[in-house]
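Let's walk through this model together, starting with a single residue and working outwards. Keep the sequence and the 3D view side by side as you read.

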Amino acid sequence: MMDALTGDAGTCEVPQGEGSGSLSCLMAQAALGHRVLLAAMLAEIGLYPGQDRVLGALWENGPMSQNKLAAAVGIDMSTMTKSLQRLERSGLVSRAPSPANRRVSVVSTTPKGDALRPEIRRVEDELHRRMSDGLTPEEVETLRSLLAVVTRNTCREVALSQPSKPSSKPASKPSSAPTAAAAASR
């Protein structure tokens, strides 16, 4: 795994010092460790990080438009386009115009892409095994539950910090009530 400070792939030491044991620091290090380990494991089967999620969304939902696929995976369209270009060059997905709207691309897995399904499942299982080494099944469930709460909290805070999108409705007269973003910043 990669050392977060030096980039050394041989170690993954938790830095000592002020704040190194903080929840924020530990979450960042766990996320980095997960990302580096997953990237190495996916590279063994010829994938880049995120491509497993794209294929998984297609296996779960069937062929779908590029826009819906980006939303299902939770990435922006430019990232989805780059990922699909790589997957298409590797012969794992295909894109075709939608019969209903030729301007929309429908993405499907290919037989070669479908053949990766058991390999991706193996990577997921091995990643889970490595990440939970030393934890009891009960501790794994507790960790899963706690991470779900942290994820909900951070997603809510991100949503509150985003500027509101312009509305197509005509502007109304200004309100003296504080906005959610202003209240959150206090």
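A word on terms before we set off: two residues are in contact when they have heavy atoms within 4.5 Å of each other. Please also bear in mind that this is a predicted model.

With that in hand, find Q51, which sits in helix α2, a helix covering residues 51-61. Which residues does Q51 touch, once its neighbours within four places in sequence are left aside? They are G46, S83, R86 and L87. Is Q51 buried or exposed? Its relative accessibility is 3%, and because buried means under 20% relative accessible area, Q51 counts as buried. The side chain of Q51 also has a polar partner: one of its polar atoms lies 2.8 Å from the backbone nitrogen of Y48.

Now turn to the surface. L23, M27, L135, L143 and L147 together make a nonpolar patch there, with an area of about 420 Å². Two elements each give two or more residues to this patch, namely α1 (23-43) and α7 (137-161). Take M27 as one of its members: this residue is found in helix α1. With a relative accessibility of 33%, M27 counts as partly exposed, because that class covers values between the 20% limit for buried residues and the 50% limit for exposed ones.

Let's step back to the whole chain. How many helices and strands does the protein have? Its secondary structure comes to 8 helices and 3 strands. Read from the N terminus, the elements follow the order α-α-β-α-α-β-β-α-α-α-α. The protein has 186 residues, and 22% of them count as buried, Q51 being one that falls in the buried class. The accessible surface adds up to about 13,100 Å², and carbon and sulfur atoms account for 57% of that area. As for how the chain meets itself, consider the contacts between residues at least 6 apart in sequence: 44% of these join residues at least 24 apart.

Finally, a look at confidence. The mean pLDDT of the protein is 83, with 77% of its residues reaching 70 or more. Over residues 1-11, however, the pLDDT is below 50, and this stretch has 20 contacts in the model beyond near neighbours in sequence. Residues 168-186 also stay under 50 in pLDDT, and here the model has 4 contacts beyond four places in sequence.

Definitions and conventions. Residues numbered from 1 in each chain as written. Predicted model: local features only at pLDDT ≥ 70, side-chain atom pairs only at ≥ 80, totals over all residues. Heavy atoms only, no water. Patch = residues over 30% accessible without salt bridge, like charges linked within 9 Å, V, L, I, M, F, W, Y side chains within 5 Å. Areas by Shrake-Rupley, 256 points an atom, 1.4 Å probe, with all protein chains shown as cover. Salt bridge = Lys/Arg side-chain N within 4 Å of Asp/Glu carboxyl O. Helix = DSSP H or I, 4+ residues; strand = E, 2+ residues; numbered from the N terminus. Buried < 20%, exposed > 50% of the residue type's maximum accessible area, 1.4 Å probe, protein only. pLDDT = per-residue confidence, 0-100. Polar contact = N/O pair within 3.5 Å; in protein donor to acceptor, adjacent residues only side chain to side chain.
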